[in-house]
Amino acid sequence: MTGLFISELERTFKRKKTAVVLAVYAGLLVFIWFFLFRMGGISFFDADHAVKIDSLNSAPLFLRELSFVITFIVIPMFTVDSFNGEYTSGALRMVLIRSHHRLTLFFVKWTVQCLLIFLILCITWLVGTCLGKVAMPHVNETTFLGGQTVGTVEAFLYSLKFYGICFCIFIAVISIASIISVLMPNSILSYVATIGALIGSVYVSDKLSFFFSITDSVFHELSSSNSEFLVNLLFPILFISLIINLFVWKKKEWIG
């Protein structure tokens, strides 16, 4: 399995699309840094609540400026390229003719996609934290949405929890995109259908609006003292999407 994992990583990073997306994202990190600096360090918890960026709250607010790009560009492009692009190009057939269990290959591909987003989030958190330390006012306390005033340690833990919940939502987006990529006949349709599913979820239920405005939803969830978002909504979505993934992946006629 280790060899399969390394092989998947090599194929992922050898693809030109991966390099281009990562390069564009790196450019966006720099652009957002200077954009927030030029805007006087003003950001938003949501459309109705502006906030001054400081040394303690910068990491979550920095991710807010980039979450739309991660949700609607980075994840769909990476996932579609891995699950559908390799099939349509014939690269996946070369892997499947070897003696690998299908479900093992699925978990390897899914894990690599999660790992990519995890690394992107780690870099975003690091750059966002540096932005606060270097370019924003140094404070000993900060206030998050809901009037929570916290010190240095609490703000650090808040940032970790914020990024952790966002990562779980991004995993759900990966799972949805992988289902669609397996079912669609080509990469373009897979990408369009993934974007349509994410936007369309808002019209299915208001509770699914977190797919469209991830960070705003997470700020609101963390401001609530009795939030059951993770247990009652996100984790069931993750579990069900994973079951559907396994089913469609196993039933798909990959060779023939």
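## Two pockets, stop by stop

About 170 Å³ of space lies in the second largest pocket of this predicted model. To see its walls, select I176, I179, A197, L198, S201, L208, F211, I237, I240, S241 and I244. Next, colour by element: helix 6, helix 7 (187–204) and helix 9 each supply two or more residues to this lining. Helix 9 has the largest share, at 4 residues. Now colour the selection by residue class. The lining of this second largest pocket splits into 9 nonpolar and 2 polar residues, with no charged ones.

Move on to the largest pocket, whose volume is about 240 Å³. Its lining has 15 residues; start with K161, I165, E221, L222 and S224, which are the closest to the pocket centre. Then show the elements around them. Strand 4 (148–150), helix 6 (152–183), helix 8 (214–223) and helix 9 (229–251) are the ones that give two or more residues to the lining of the largest pocket. Which of these elements gives the most to the lining? Select helix 6, which contributes 5 residues. Colouring by class here shows 8 nonpolar, 3 polar and 4 charged residues in the lining of the largest pocket.

For a last view, keep both linings on screen and select helix 6 and helix 9. Each gives two or more residues to the largest pocket, and each does so for the second largest pocket as well. Helix 6 is the main contributor to the largest pocket, while helix 9 holds that place in the second largest. Charged residues number 4 in the lining of the largest pocket, and the second largest has none.

How values were computed. Residues are numbered from 1 along each chain as its sequence is written. This is a predicted model: local features need pLDDT of at least 70, side-chain atom pairs count only at pLDDT 80 or more; totals for chains, interfaces and linings use all residues. Side-chain values use heavy atoms; hydrogens and water are left out. On a 1 Å grid over the protein atoms alone, a cavity is a set of points where a 1.4 Å probe fits but cannot get out, and a pocket is an open set with protein on both sides within 12 Å along at least five of seven lines; lining residues have an atom within 4 Å of a point. Grid points are joined across faces, edges and corners, and a volume is the space filled by probe spheres set on the points. Ala, Val, Leu, Ile, Met, Phe, Trp, Tyr, Cys and Pro count as nonpolar, Asp, Glu, Lys and Arg as charged, and the others, Gly among them, as polar.
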